[in-house]
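The following exercises ask the reader to work through one protein model step by step. Each task is followed by a worked solution.

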Amino acid sequence: GEASTTRPAETVTYQTPTGMKASPVFSRVAIAEVSDRIYVSGITAKEPGDNSTRIRSVFDQLKAIVGEAGSDMQHLVKATYYVSDDAISGDFGKIRQEYYDRQRPPAASKATVKSVGVPNRILVIDMIAVPAK
């Protein structure tokens, strides 16, 4: 038989269900159109700093990690954010917009936790992505 080795034109499609509002920083539904997945876990700031510095540290690492794994910031599928200080919410929302494609943000959940498991850190990200090609 003929096995197709070509990928679909879009490896991730994003949807907003009827009656729900779209957001520039997360999708309500992200559908991975390929079987390959890239799982990234436990990204936290490399060093302490103000909230903005810590958040950018996490996203810079995410960008580098998915790049090395054959993906990019336009092929993120599912994010889980763990925060131990809800005071970062304002900065976090603004900074995500600098890194995410407004038309292609990952589906996401945020949980406030007592600790993220690393001293002096307030944010941990887990991410699922798919290859860019």
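## Exercise 1: The first strand pair

Strand β1 (residues 12-15) has a covered face, formed by Val12 and Tyr14, and an uncovered one, formed by Thr13 and Gln15. The model is a predicted one.

**Task.** Determine which strand β1 is joined to, and which residue is the bridge partner of tyrosine 14.

**Solution.** Step 1: in a regular strand the side chains alternate between the two faces of the sheet. The covered face of β1 holds Val12 and Tyr14, and the uncovered face holds Thr13 and Gln15.

Step 2: β1 is joined by 4 bridges to strand β2 (residues 29-32), and the two run antiparallel.

Step 3: within β2, alanine 30 is the bridge partner of tyrosine 14.

Step 4: the loop between β1 and β2 contains serine 27. Serine 27 has a relative accessible area of 8% and is buried, because buried means under 20%. Setting aside residues up to four places away in sequence, serine 27 touches Tyr14, Pro105, Pro106, Ala107 and Ala108. A polar atom of its side chain lies 2.5 Å from the backbone oxygen of proline 105.

## Exercise 2: The sheet of 4 strands

**Task.** State the order of the strands in the open sheet of 4 strands, and explain why one side of β3 and of β5 is left without a neighbour in the sheet.

**Solution.** Step 1: the order is β3-β6-β4-β5, and the pairing is mixed.

Step 2: β3 (38-44) and β5 (107-112) stand at the edges; each has a single partner strand, so one side of each has no neighbour in the sheet. From one strand to the next, the twist averages 10°.

Step 3: β4 (residues 76-83) pairs with β5 in the parallel sense over 6 bridges. In β5, threonine 112 is the bridge partner of valine 83.

Step 4: helix α1 (residues 51-68) packs on the sheet and touches β3, β4 and β6 (123-129), with a direction at about 155° to that of β3.

## Exercise 3: A threonine in an edge strand

**Task.** Decide whether threonine 44 is buried or exposed, and find which backbone oxygen its side chain reaches.

**Solution.** Step 1: threonine 44 lies in strand β3. Its relative accessibility is 13%, and it therefore counts as buried.

Step 2: its side chain reaches the backbone oxygen of leucine 123 at 2.9 Å.

Step 3: apart from neighbours within four places in sequence, the contacts of threonine 44 are Val58, Gln61, Val118, Arg121, Leu123 and Val124.

## Exercise 4: Two packed helices

**Task.** Describe how α1 and α2 pack, and identify what covers the buried residues of α2.

**Solution.** Step 1: two packed helices are described by the angle between their axes and the distance between the axes. For α1 and α2 the angle is about 35°, and the axes are 10 Å apart. The crossing of α1 past α2 is right-handed.

Step 2: α1 contributes Asn51, Ser52, Ile55, Arg56, Phe59 and Asp60, which meet Asp91, Phe92, Ile95, Arg96, Glu98 and Tyr99 in α2.

Step 3: the buried residues of α2 are Phe92, Gly93, Ile95, Arg96 and Tyr99. Their cover includes α1, β4 and β6.

## Exercise 5: Aromatic pairs

**Task.** Classify the pair of phenylalanine 59 and tyrosine 99 and the pair of tyrosine 81 and phenylalanine 92.

**Solution.** Step 1: the model has 4 aromatic pairs. Phenylalanine 59 and tyrosine 99 are stacked, at 5.2 Å centre to centre with 20° between the planes.

Step 2: phenylalanine 59 lies in helix α1 and tyrosine 99 in helix α2 (residues 89-99), so this pair ties together parts 40 residues apart in sequence. Both phenylalanine 59 and tyrosine 99 are buried.

Step 3: the ring centres of tyrosine 81 and phenylalanine 92 are 4.7 Å apart and the planes are at 80°, so this pair is edge-to-face. Tyrosine 81 in strand β4 and phenylalanine 92 in helix α2 are 11 residues apart.

Step 4: tyrosine 81 is buried at a relative accessible area of 1%, and phenylalanine 92 is buried at 2%.

Step 5: Phe59, Tyr81, Phe92, Tyr99 and Tyr100 form one aromatic cluster.

Definitions and conventions
Residues numbered from 1 in each chain as written. Predicted model: local features only at pLDDT ≥ 70, side-chain atom pairs only at ≥ 80, totals over all residues. Heavy atoms only, no water. Pairing = 2+ DSSP bridges. Axes fitted to C-alpha atoms, helices over the stretch in contact; angles between N-to-C directions. Contact = heavy atoms within 4.5 Å. Buried < 20%, exposed > 50% of the residue type's maximum accessible area, 1.4 Å probe, protein only. Phe/Tyr/Trp six-rings, centres within 6.5 Å; stacked < 30°, edge-to-face > 60°. Polar contact = N/O pair within 3.5 Å; in protein donor to acceptor, adjacent residues only side chain to side chain. Left-handed = near helix turned anticlockwise from the far one by under 90°.
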